[in-house]
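Reader: Hello! I would like to take a close look at one part of this model with you, and then see how that part sits in the rest of the chain.

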Amino acid sequence: MREIEASAVTQAVAQLCQQASFELGEDVISALEQAQQTEESSLGKEVLGQLLENARIAKEERLPLCQDCGTAVVFLEIGQETYVIGGDLYDAVEEGVRLGYAQGYLRKSIVSQPFSARINTKDNTPPVIHTEIVPGDQLKVTVMPKGSGAENMSQLAMLKPSDGRQGIIDLVVRAVDEAGGNPCPPLIIGLGIGGTAEKAMLLAKKALLRSVAKPNPDPEIAELEKEILAQVNGLGIGPLGFGGRTTALAVNAEVMPTHIASLPVAINLQCHSARHKETIL
Amino acid sequence: MINITSPIEAEVVEKLTVGTRVLISGVIYTARDATHRRLVQALDRGDKLPFDLNGQTLYYMGPSPARPNQVIGSAGPTTSGRMDIYTPRLIAAGIRAMIGKGKRSPEVKKAIQKYKAVYLATIGGAGALLAQSIEQVEVIAYEDLGTEAILRLNVENFPAIVANDIYGEDLFYQGKAKYQRRE
C-alpha cells in the first residue's frame, strides 16, 4: 500500500481550483481559434476574438476567466493500492476548495438551504465530490469549477428504447435550441447515454473532461457526436446567441449498457469557459 | 458603434436599434437575483430605494473579489432571463437600460417598448476582459448579500450590443434566423 498524506490532497485541490479558473485549456483555445476562421457571422467572429482576448488577460493577470467561479466539482480516481493518512479524504478536499477560492480571489457562489434561506457559505464549500476506485497506487485529482449558467440548462430524459438514435439527436438539438444564448455558447455538449438515471448524468458530466479535439474512440459513438454537432451548429444560435455557425465546439458522448426497458440520455452543457485541471499524486 | 453615457437620456434609446454596438461610459448599477427581489419588495412597500432608478442602467453581474491592487475581480454578465419576472416592474419605475446575457421574456420586451428602454447584451464568460472597462467600484446597498450587493460602477467604454429595442426587434431571434441551416 502506498501512503498519501491528506494535506497533499488539500494542496493539490487548492492549486487546481486556481489554475482551472485562470487558464483555459489549450484544446479549447485551439478550437476557438479554429472557429474564428470558419465563423460566417462578423459579430460572431468578433465575439470569438474577445473570448480569446479574455483567456489571455485571465492567464496574465490571474483574474478568473469568468466571475462565476462555479461549484467546485472534484473527481477523485483512487488507486486501490493507496491509503490516505493524516485526515479524512473528503475533509481534505473541502479544505482545498476553501483555501483555493480564498487564495485565488475566486467568487464564492454556494448557498445553503437552497429552497429557503439561501445563505452563502462564504468559502464556496461544500464541493461536489465524485470518487472512483481504480487499479494502481496513484490518486488522480481533477477539479472542474462548473458555472451555473450552463449547468442550469442540463436535462435528463428517460427515452423509450424505440426512440433510438434519432430520439437522442432530436432531444439534444431541442435542448440546445431552447437554451439559446443562456449557457454561453460556443458550448461543449456532454452526453451520458445508458446506465440508470443518475449514472447517465454522471457520464454526461465526465464526458466534459475529455479534450474537445478527441472523438469517442468507438466509431459508432463518434459518428453520433459528429452528427449532433453538425445539427446543433445548423441552429444558427452562434457565439453567445448573437447568431452564427459556431454554437458548439464539440459533442462528447459517453455510453454504457442499460436495462432492456430503458434509454437514459443525460445532457450536461459546458460554456466556452470550459475549466478543468488535473494532477496525479 | 455608438458611444452612450449612463444615466441615459430618454431620446438616446431611439437611436439604439438591434445589432448596434455601443460603448457605455458613466455610472451603472449591479443587480442580480436577490437584489431584484429586494428592489421590487421595496417598491411594493413604498420604501425609499437605495438609488434613484430614473434613467439608470442595471448590470446583471456579481463580480469575483478584487485582489488588493485591483478595482474589481472578474466582472461579466449573468443570465438575464432569471430577472425577467422583476424587470417590467423596474422598467416602469424608471430603469432605462439593462445589461446581461441571453434572451428576454415577451413581458420584458413589451415593457421595453412601452416605457422606451433598451436591453444590451454583453459578452458572457468574458469577465476578465470586461473588468478592464470598470474604473471605480462602490458598494451602495445590500452589503449582506455579498457578491449580490448593489455596486455603483464607473465605467469607461464598456462594450455591449443592442439586443432588444423600442421597436420590438430582438437580436437573438434575428441572428438565429439569419444563420439557421438544416444539414
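Reader: Which are the buried residues of α1(A)? Please take your time and go on from there to the surroundings.

Author: Gladly, and one thing to keep in mind throughout is that this is a predicted model. The buried residues of α1(A) are V9(A), T10(A), A12(A), V13(A), A14(A), L16(A), C17(A), Q18(A), A20(A), S21(A) and F22(A). The helix itself runs over residues 6–22 of chain A and has 17 residues. From its first C-alpha to its last, α1(A) reaches 25 Å, close to the 24 Å expected at 1.5 Å a residue. As background, an α-helix has 3.6 residues a turn, so residues three or four places apart point the same way.

What covers those buried residues? The cover includes the strands β1 (2–5), β2 (71–79), β7 (139–146) and β12 (277–280) of chain A, together with the helices α3 and α4 of chain A.

Let us stay with α4(A) for a moment. The axes of α1(A) and α4(A) come within 7 Å and cross at roughly 35°, and the crossing is right-handed. On the α1(A) side, the residues that meet α4(A) are A6(A), V9(A), T10(A), A12(A), V13(A), A14(A), Q15(A), C17(A) and Q18(A). Their partners in α4(A) are L89(A), A92(A), V93(A), E95(A), G96(A), V97(A), L99(A), G100(A), Y101(A) and Q103(A). By character, the residues of this contact divide into 12 nonpolar, 6 polar and 1 charged.

Just past α4 (89–103), in the loop that leads to β4 (111–112) of chain A, you will find Y105(A). Its phi is positive, about 55°, although Y105(A) is not a glycine. For context, most residues other than glycine have a negative phi. Y105(A) counts as buried because 20 C-beta neighbours lie inside 10 Å, and 20 or more is what the term requires. L240(A) also has a positive phi, near 60°, and is a residue other than glycine. L240(A) sits in the loop between α8 and β10 (248–258) of chain A, and with 36 C-beta neighbours inside 10 Å it therefore counts as buried.

While we are on the backbone, there are cis peptide bonds to look at as well. One runs from T125(A) to P126(A), with omega near 0°, and P126(A) lies in the loop between β5 (119–120) and β6 (128–134) of chain A. Another joins P185(A) and P186(A), where omega is about 10°; P186(A) belongs to the loop between α6 (164–179) and β9 (187–195) of chain A.

Now let us step back to the domains. The domain assignment of chain A gives domain 1 (2–20 + 65–146) and domain 2 (149–274). Their C-alpha centres lie 26 Å apart, and 7 residues of domain 1 are in contact with 5 residues of domain 2. On the domain 1 side of that contact, β7(A) gives the most, with 3 residues. We met β7(A) earlier as part of the cover over the buried residues of α1(A).

Another element of that cover, α3(A), takes us to the neighbouring chain. In all, 41 residues of chain A are in contact with 39 residues of chain B. The elements that give two or more residues to the chain A side are α3 (42–61) and α8 (219–233), and α3(A) gives the most, with 8 residues. The residues on this side divide into 18 nonpolar, 18 polar and 5 charged.

Key
Residues are numbered from 1 along each chain as its sequence is written. Chains are lettered from A and ligands numbered from 1 in the order in which they are written. This is a predicted model: local features need pLDDT of at least 70, side-chain atom pairs count only at pLDDT 80 or more; totals for chains, interfaces and linings use all residues. Two residues are in contact if their C-beta atoms, placed from the backbone, lie within 7 Å. Helices (H or I, at least four residues) and strands (E, at least two) are DSSP runs, numbered from the N terminus. Ala, Val, Leu, Ile, Met, Phe, Trp, Tyr, Cys and Pro count as nonpolar, Asp, Glu, Lys and Arg as charged, and the others, Gly among them, as polar. A residue is buried if 20 or more other C-beta atoms lie within 10 Å of its own, exposed if 12 or fewer, and partly exposed in between; C-beta atoms are placed from the backbone. The expected span of a helix is 1.5 Å times one less than its number of residues. Domain bounds come from an automatic or database domain assignment. Axes are lines fitted to C-alpha atoms, for helices over the stretch in contact, and angles run from 0 to 180 degrees between N-to-C directions. A crossing is left-handed if the near helix is turned anticlockwise from the far one by less than a right angle, and right-handed if clockwise.
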